[in-house]
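Open your viewer and keep the sequence panel within reach. We will go from stop to stop, with something to select at each one.

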Amino acid sequence: MSAELPSSTAVAGDGPGAAPAAAPGGPAAVLRGALGTLRTGGFPDLFIAQVVPLGVTFVLTLVSAALLGPERRGVLTFLMTGALLAGALAYGSLHVPVVEDLRRGDRSSLRHGVRLVAGFAGLLATAGVVLVVAGRAASTGDGHPHTVSTGWALLGGALVVCQLFANRVLQGLGRDRAYQVTIVVQSVLYLLAAAAVLATTRSPMLVYGAWALSVVAGLAVASTQLVRHLREHVVVAPAGTPARTWPAFLRSATANNVGSIGQMVMLRADVLVVGVVLGPTAAGVYGIALSLTELALIVPEALALSVFSGRARLSEDSWAGQLRCTVRLNAAVGCLAAVCIAGAAVVLSLGPLSDYRGLVPLVLVVLPGVLFAGYSRVALSALQALGRHSAVATFGVLAVLLSVGYLPGAWLGGTTGTAAVSTAAYVGTALYLRTSLRSALRGGEDR
């Protein structure tokens, strides 16, 4: 798994290019509009930055599932998901005010952001060490008690916070190619390191260690590229421009943070709930089902990044036309992806993943929700581009509230119940975002 989580809060840089014109109906016009959308907003680089890590994750998920078995794969799923979720929750969307100020020549938010990220990473690392030490002291067996696993997950989360911040600021400054290179390097290193571990051992902890080393490498590459960019591209702020104060920085980041946190909780918390309530074997099966269905989010994530960047480069009418084309393209690609993923689940359940009982029903239950989640990525990014901070924050709160249903879903319905709650949460939040986006496009007040 990559440390780069799907997050529509990311912003792309101001690049050249015109938006696709809103053409009249008809298959040819729709195709021209779709191709125009793909050419704008740095989509090729952003698409590669999504495909490579998810492709690596998918391959390693299948290989590790076959070699580790459901129980040990469940331990790895718990560790990876915990690290990604902890890092994303601490990180939120701190890059947004940083990028806004760097573009106008104010580096005060960068200093605020670096201090806050360092503080969050330190807290996660400290808590992780305490839990690992306490868990090992209390452990009486050779297994992986939840306390120790949670501690290691928090240590990984500390790395994720730093890596996400560096990557998202780099991409937000328009360095899409550098962002893509960073993600590809990290993904390839993880693939090679994890393959070497799986070829010589069956330890989920060592696979997790290979992933952590790749995150460190990705952080080093991103940080180097970011420092180089800041040295070579000095923007002089207009005379009299005030530096952003610490309270102002926190206020600016809060709304987007709430939206990002809600999205991450809804996306990842169900795996942790399954692992705690139903055990590692169930988490292994459930994690494989999610890994399959999340392939449908590759295109929506890249499209969401493109939608955000387009707002800074295009006129209001052109951007609205691009958004309409993007939504149609996303729906078409999502339906095609759902059919392919369902078929792949059937084939895999009859072959290398035959030990993962109940995989196909889980995939079929989760898939509709993932399609709605794909729309939510694009809609949330559009609302952020329009400055609808209240709607973004409300979405985050709604997502967290709906995610509470994972617990009763797991207790009452096992993995199937959790999957059903997940789909219901995705549908509910997508409907809210659809209503909010329509209101925003009509010029309604931010609520």
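Start by selecting helix α13 (residues 389–403) and helix α14 (residues 406–441). In this predicted model, their axes come within 8 Å and cross at roughly 165 degrees. Axes here are lines fitted to C-alpha atoms, for helices over the stretch in contact, and angles run from 0 to 180 degrees between N-to-C directions. The two helices α13 and α14 are therefore roughly antiparallel to each other. The naming goes by angle: under 35 degrees counts as roughly parallel, over 145 as roughly antiparallel, 65 to 115 as roughly perpendicular, and the rest as oblique. Look also at the hand of this pair: α13 passes α14 in a right-handed crossing. A crossing is right-handed if the near helix is turned clockwise from the far one by less than a right angle, and left-handed if anticlockwise.

A word on reading along: residues are numbered from 1 along each chain as its sequence is written, and side-chain values use heavy atoms, with hydrogens and water left out. As the model is predicted, local features need pLDDT of at least 70 and side-chain atom pairs count only at pLDDT 80 or more, while totals for chains, interfaces and linings use all residues.

**The whole chain**

Now show everything and colour by secondary structure. How many helices and strands does the protein chain have? There are 14 helices and 0 strands. Helices (H or I, at least four residues) and strands (E, at least two) are DSSP runs, numbered from the N terminus. Of the 447 residues in the protein chain, 55% are buried. Buried means under 20% relative accessible area, exposed means over 50%, and partly exposed lies in between (1.4 Å probe, protein chains only).

**Helices α9 and α12**

Next, select helix α9 (residues 280–293) together with helix α12 (residues 359–385). They pack at an angle of about 45 degrees, with their axes 9 Å apart. That angle makes α9 and α12 oblique to each other. Here, too, the crossing is right-handed as α9 passes α12.

**From α12 to α10**

Stay on α12 and show the side chains of Arg377 and Glu301, which meet in a salt bridge (3.1 Å, N to O). The pair links distant parts of the chain, with Arg377 in helix α12 and Glu301 in helix α10, 76 residues apart. A salt bridge is a side-chain nitrogen of Lys or Arg within 4 Å of a carboxyl oxygen of Asp or Glu. Are these two residues buried or exposed? Both Arg377 and Glu301 are buried.

While you are there, select Pro300, which sits in helix α10 (residues 298–313). Pro300 is buried, at a relative accessible area of 4%. Measure out to Leu329: the two C-alpha atoms are 9.2 Å apart in space, and the residues are 29 apart in sequence.

**Helices α2 and α6**

A search of the whole structure finds 2 salt bridges. For another, select Asp45 and Arg177, whose closest N and O atoms are 2.8 Å apart. Asp45 lies in helix α2 and Arg177 in helix α6 (residues 176–200), so the pair ties together parts that are 132 residues apart in sequence. Asp45 counts as buried, at 12% relative accessibility, whereas Arg177 is exposed, at 53%.

Now show both helices in full. The axes of α2 and α6 come within 9 Å and cross at roughly 25 degrees. That makes α2 roughly parallel to α6. This time the crossing is left-handed, with α2 passing α6.

**Along α2**

Helix α2 covers residues 43–91. Select Leu85, which is found in α2 and counts as buried at 8% relative accessibility. Ala269 is 184 residues from Leu85 in sequence, yet their C-alpha atoms are 7.6 Å apart.

Then pick Tyr208 in helix α7 (residues 204–232). Tyr208 is buried too, at 4% relative accessibility. Its C-alpha atom is separated by 9.4 Å from that of Thr77, 131 residues away along the chain.

**Last stop: the surface**

Switch on the surface and select Val59, Val63 and Leu67. Together they form a nonpolar patch with about 200 Å² of accessible area, calculated by the Shrake-Rupley method with a 1.4 Å probe, where only the protein chains shown count as cover for residues. Patches are made of residues with over 30% relative accessible area and no salt bridge; like charges are joined within 9 Å and nonpolar side chains (Val, Leu, Ile, Met, Phe, Trp, Tyr) within 5 Å. Leu67, in helix α2, is partly exposed, with a relative accessible area of 32%.
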